[in-house]
Amino acid sequence: MSRTCKITGKKPMAGNNVSKAHNKTRRVQRPNLQRKRIYVPEQGRSVTLRLSARALRTVDRKGLLQYLRDEGLELRDVT
């Protein structure tokens with residue numbers, strides 16, 4: 001299972017840790033992914049999604065189906 005948000009497409013980014021002596025070591029910044037079960041009232045069922053915390057806040061504000069419409073996705077694309 002990849003560490004990718006189903007809606008926003010956020011995935012890990014690579015970069016460097018830089019010490020005071022300017023030594024560089026590779027590091028990975030991972031998105032804050034949460035597995036959430038979201039109820040879809042229009043369909044009368046729940047779906048389980050792996051979302052970033054930012055996407056989850058937007059789903060709370062707009063609703064899942066409206067957010068998917070704004071992103072040009074459908075429910076079957078993210079389940």
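Let's start with the hairpin: β3 and β4 run antiparallel to each other and pair over eight bridges. Keep in mind that this is a predicted model. At one point along that ladder, Val40 has Arg45 of β4 as its bridge partner. Four residues sit between the two strands of the hairpin, and Gly44 there takes a positive phi near 70°.

Stay with β4 for a moment and look at Ser52, which lies in this strand. Is Ser52 buried or exposed? Ser52 is buried, because its relative accessible area comes to just 2%, and the cut-off for buried is under 20%. As for what surrounds Ser52, leaving aside residues up to four places away in sequence, the contacts are Cys5, Thr8, Lys10, Asn32 and Leu33.

Now for the nonpolar core. In soluble globular proteins, nonpolar side chains tend to be buried together. The largest such core here has 17 residues, and the members that touch the most others are Ile7, Leu51 and Leu64. Which elements give two or more residues to this core? They are β3 (33–40), β4 (45–52), α1 (53–62), α2 (64–71) and α3 (75–78). The largest share, four residues, comes from α2.

That makes α2 worth a closer look. Its buried residues are Leu64, Leu65, Tyr67 and Leu68. Viewed down the axis of α2, these buried residues fall within an arc of 160°, so they line one face of the helix. The background is simple helix geometry: an α-helix has 3.6 residues a turn, so residues three or four places apart point the same way. What lies over the buried residues of α2? The cover includes β3, β4, α1 and α3.

Leu64 shows this in detail. Not counting residues up to four places away in sequence, Leu64 touches Ile7, Ile38, Val40, Val47, Leu49, Val59 and Leu75. Among these contacts is Ile7, itself one of the core members with the most contacts to other members. Val40 is on the list as well, and you met Val40 earlier as the bridge partner of Arg45.

Tyr67, another of the buried residues of α2, leads over to α1. Thr58 lies in helix α1 and touches Tyr67 as well as Gly63, again not counting residues up to four places away in sequence. Thr58 counts as buried because its relative accessible area is 9%, against a cut-off of under 20%.

Finally, follow α2 to its end. Just after the helix, Gly72 takes a positive phi of about 75°.

Key: Residues numbered from 1 in each chain as written. Predicted model: local features only at pLDDT ≥ 70, side-chain atom pairs only at ≥ 80, totals over all residues. Heavy atoms only, no water. Core = buried A, V, L, I, M, F, W, Y, C linked by side-chain atoms within 4.5 Å. Buried < 20%, exposed > 50% of the residue type's maximum accessible area, 1.4 Å probe, protein only. Contact = heavy atoms within 4.5 Å. Pairing = 2+ DSSP bridges. Arc of directions from axis to C-beta.
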